[in-house]
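Let's take a friendly walk through a protein, from its overall build down to a few individual residues. Have a look at the picture and then read on.

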Amino acid sequence: TIPNSVKFIDSYAFYNCPKLSSATLGSGLNFIKIATFGMCTSLTNIHIPNSITSIEESAFLGCWSLEEILIPNSVLTLGKSAFSSCWKLQNITLSTNLKQINPKVFLNCYALQSITIPNGVSIIGESAFEGCSELVNVIMSNTLTTIDQSAFKACKTLQTITLPNSLETINPSAFSDCSKLFFSYSKIFSS
């Protein structure tokens, strides 16, 4: 447990601590810095307080044992690769105040089965969910405008997606190698 008196933890502070299995962050913190808990391969539980506004790049990269994450509504940004290669991550609750899902945030989170992209999110970044091979269900934001390159590439069990009326751009390979995917459109596209 990190006490509430701690105001700052720098990048890589707990990087590659393979015996760390649980962490409770104090409410004095505003950021989870770059790779703070990266490669903590035994981390199964993390409590993120409502004081956190940003989870930076690779903050939890390679936390293979992490199964569930609740990102409080105080979080405004998730950095690139923040939860990449969290192989056992099954349940994610995203902050309703996110504006975009940055590149590679959930890359290779193999066990993830369902995700709800909160309203307010306009961009799903490059490779954001690439390789989430157990992902079956995606509920899209009704404010989504862009699905970037390889965003859902190789989501081999993804079956149905309803694209919102707000969608303007689907970039190359966004859904490539999604062999079970069926689309339904809530908008008729015209040139």
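Here is a short report on the overall build, one sheet and the nonpolar core.

## The big picture

First things first: this is a predicted model. If you go hunting for helices, you'll find zero, but there are 15 strands. Lined up along the principal axes, the C-alpha atoms fill a box of roughly 55 × 25 × 20 Å.

A compact globule with 191 residues would have a radius of gyration near 16 Å, and the protein's 17 Å agrees with that. Now for the outside: the accessible surface is about 8,800 Å², and carbon and sulfur atoms account for 50% of it.

## One sheet up close

Four strands make an open sheet in the order β8-β10-β12-β14, and their pairing is parallel. The edges are taken by β8 (100-101) and β14 (169-170); each has a single partner strand, so one side of each is left without a neighbour in the sheet.

What holds β8 to β10 in the pairing? Two bridges join β8 to β10, which covers residues 123-124. In one of these strands, β10, you'll find I123, the bridge partner of Q100.

## Inside the core

Buried residues make up 47% of the protein's 191 residues. In soluble globular proteins, nonpolar side chains tend to be buried together. Here, the largest nonpolar core has 56 residues, and the members that touch the most others are I55, F83, F129 and F152.

Take F129 as an example. Setting aside its neighbours within four places in sequence, its contacts include I101, F106, L112, I115, F152 and K153.

How values were computed. Residues numbered from 1 in each chain as written. Predicted model: local features only at pLDDT ≥ 70, side-chain atom pairs only at ≥ 80, totals over all residues. Heavy atoms only, no water. Core = buried A, V, L, I, M, F, W, Y, C linked by side-chain atoms within 4.5 Å. Buried < 20%, exposed > 50% of the residue type's maximum accessible area, 1.4 Å probe, protein only. Contact = heavy atoms within 4.5 Å. Pairing = 2+ DSSP bridges. Rg over C-alpha atoms; globule rule 2.2 N^0.38 Å. Areas by Shrake-Rupley, 256 points an atom, 1.4 Å probe, with all protein chains shown as cover.
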